[in-house]
Amino acid sequence: MTASAGASIDDAGNWSSLDFRQAQRAVKRLQMRIAKAANGNRWGKVKSLQHLLTHSFYAKVLAVKRVTSNKGRKTPGVDGVVWKGARAKWRAVKSLRRRGYQPLPLRRIYIPKKKSNILRPLSIPTLKDRAMQALYKLALAPVAETLADPNSYGFREGRSCADAVAAAFNALSKPNSAAWALEADITGCYDNISHEWMLEKIPMDKVILRKWLKAGYMDDGILYPTRKGTPQGGVISPTLANITLDGLEQAVCNAVPRRSRVNFIRYADDFIVTGKSKRLLENQVKPAIEAFLEERGLALSMEKTSITTIKHGFTFLGQTFRKHGRTLHITPSTESVLTLKRKVGELIRKYVGAPMEFLIKKLNQTLRGWGNYHRHVVSSAAFSSIDEYVYQRLWRMIQRRHRKKSKKWLTMHYWSLKKSHSIFSVRCKTKKKGSCLYQVIRLGSLGIKRHIKIKAKANPYDPTYAGYIWRRKNQKESRLLPALSAREYRAGLAN
């Protein structure tokens, strides 16, 4: 029997025979209906459709699929349970029930913050609680996208840091663009959001939400209560934080006269506001932001919030924005370049005794990720600087490995010439492929590619934008799930 969006678990086969493409289509149809109801302010309909989705067999399958396929799948919560194998995943689908559900406390760990030695708390739910959050996020995401600020780009489907940087470029690059920018930093955003505000305003099952917010956390075997905030590490936490901050763009626009050349760009809890004068940002925009945040239990950090002229430059999302005359230059920030160089040095020191192909794989993974992030801005000089640094560090490493070998021998064995560039190369033998050549990538070879910003009003759950979003994705759907075709994506409410 074919299972519909609300089919019971008993009507489906086992995990290995599940049709994830069909599950994706069924859930997408429900999500589109939720978005349509939210857009028409039909909140009773939204609630009933959310109930249908969170009790849907296919939605439960996708929730389990997500938490057992991502990087954290091997990280347990306080119960120490990890779901491995098809049988465990199938039992997990059956366990996702609202009746009798009680989340366990979060497992608290600490990770170092950037720029300091301060440790940032990270709370890890159990796999079952993560799956329940993923399930309810499927029902909440269409509402969040429908109500979202147009220029919010963090933790939203189809949007990225590159879109936020492109939006900032559009706001600052014109000859008559605003000359000042307010760089805002919220003090402990995730840790301080008011529970009362979320329970009153977040459009989802209040009983389940209250249980998550009040679950507490375990630290060194001691149970601590949670009285505010949404835990960093929870699957649904970024969506809750986004909904909390949505409306801030409109609050900023309402605080200033029309034609004030004020622009708002936000990525998660990091945002900037551009304005034509320092007085406008200081006396009108900043008080409006503070009032908006205070209602939600949040506040701006006085130490990290500043107003800067674009001529002096500022850093946003790892990029430095500075205007030279009438030309806006966006380059990778000095701190970002230095951080990458330190990481490269640490990798070479860590894997100095490991097989060379293993070191090259680790280096390429780090370099390619950084390069792809920064390739949309003026990054040629930064790329050249990093390529030279990698060259020097690798040269010093092989000199230490082969102290008695000449420079000519080292060059013959470790370097190859390609398009006038020396490339670090190692040929290794493998069981499957025989001889295989491993090369350290050069960032300069990635090239600079201009990013085309997503339309501000594009909603992945609105059939009007279905074709547009599918073309942007270019069939690069998540590796966890098979991609929908354009026709399947447009089907929306029709099927």
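Helices are taken here as DSSP runs of H or I with at least four residues, numbered from the N terminus. On that basis Arg33 is placed in helix 1, which covers residues 20–39, and this helix serves as the starting point for the report. The model is a predicted one.

## Overall form

The protein contains 18 helices and 14 strands. Its radius of gyration is 25 Å, which agrees with the value near 23 Å that a compact globule of 495 residues would have. The C-alpha trace extends over about 75 × 65 × 55 Å along its principal axes, and 49% of the 495 residues count as buried.

## Helix 1 and its surroundings

Arg33, in helix 1, belongs to a surface patch of positive charge in which it gathers with Lys36, Arg42 and Lys45. Arg33 has a relative accessibility of 36%, and because exposed means over 50% and buried under 20%, Arg33 counts as partly exposed. Arg25 also has its place in helix 1, and Arg25 is likewise partly exposed, at 25% relative accessibility. The C-alpha atom of Arg25 is separated by 9.4 Å from that of Tyr58, a residue 33 positions away along the chain.

Lys28 is a further residue of helix 1, but at 10% relative accessibility Lys28 counts as buried. The side chain of Lys28 takes part in a salt bridge with Glu157, as described below.

## Salt bridges

The count of salt bridges in the model comes to ten, and the table lists three of these pairs.

| Pair | Closest N to O distance | Separation along the chain |
|---|---|---|
| Glu157 and Lys28 | 3.9 Å | 129 residues |
| Lys473 and Glu157 | 3.1 Å | 316 residues |
| Arg266 and Asp246 | 2.9 Å | 20 residues |

In the pair of Glu157 and Lys28, the closest N and O atoms are 3.9 Å apart. This pair links distant parts of the chain, with Glu157 in the loop between helix 5 (127–147) and helix 6 (161–172) and Lys28 in helix 1. Glu157 is partly exposed, with a relative accessible area of 27%.

The side chain of Glu157 also meets that of Lys473 in a salt bridge, at 3.1 Å from N to O. Here too distant parts of the chain are linked, since Lys473 lies in helix 17 (residues 466–473) while Glu157 lies in the loop between helix 5 and helix 6. Lys473 is buried, with a relative accessible area of 17%.

The salt bridge between Arg266 and Asp246 has an N to O distance of 2.9 Å. Arg266 lies in strand 6 and Asp246 in the loop between helix 10 (237–245) and helix 11 (248–254), so the pair ties together parts that are 20 residues apart in sequence. Both partners are on the buried side of the cut-off: Arg266 has a relative accessible area of 0%, and Asp246 counts as buried at 11% relative accessibility. Apart from this pair, salt bridges that share partners join Lys28, Glu157 and Lys473 into one network.

## Helix 10 and the residues after it

Helix 10 is mostly covered, with nine of its nine residues buried. The buried residues of helix 10 include Ser237, Pro238, Leu240, Asn242 and Leu245. Helix 10 is followed by Gly247, which has a positive phi near 105°.

## Positive phi at residues other than glycine

Most residues other than glycine have a negative phi. Against that background, two loop residues may be noted. Ala268 is not a glycine, yet its phi is positive, at about 60°. Ala268 lies in the loop between strand 6 (263–267) and strand 7 (270–275), and at 10% relative accessibility Ala268 counts as buried.

Leu317, which is not a glycine either, has a positive phi of about 55°. The place of Leu317 is in the loop between strand 9 (314–316) and strand 10 (319–324). Leu317 is buried, with a relative accessible area of 14%.

Terms used
Residues numbered from 1 in each chain as written. Predicted model: local features only at pLDDT ≥ 70, side-chain atom pairs only at ≥ 80, totals over all residues. Heavy atoms only, no water. Patch = residues over 30% accessible without salt bridge, like charges linked within 9 Å, V, L, I, M, F, W, Y side chains within 5 Å. Areas by Shrake-Rupley, 256 points an atom, 1.4 Å probe, with all protein chains shown as cover. Salt bridge = Lys/Arg side-chain N within 4 Å of Asp/Glu carboxyl O. Lys, Arg positive; Asp, Glu negative; His and termini not counted. Charge placed at Lys NZ, Arg CZ, Asp CG, Glu CD. Helix = DSSP H or I, 4+ residues; strand = E, 2+ residues; numbered from the N terminus. Buried < 20%, exposed > 50% of the residue type's maximum accessible area, 1.4 Å probe, protein only. Rg over C-alpha atoms; globule rule 2.2 N^0.38 Å.
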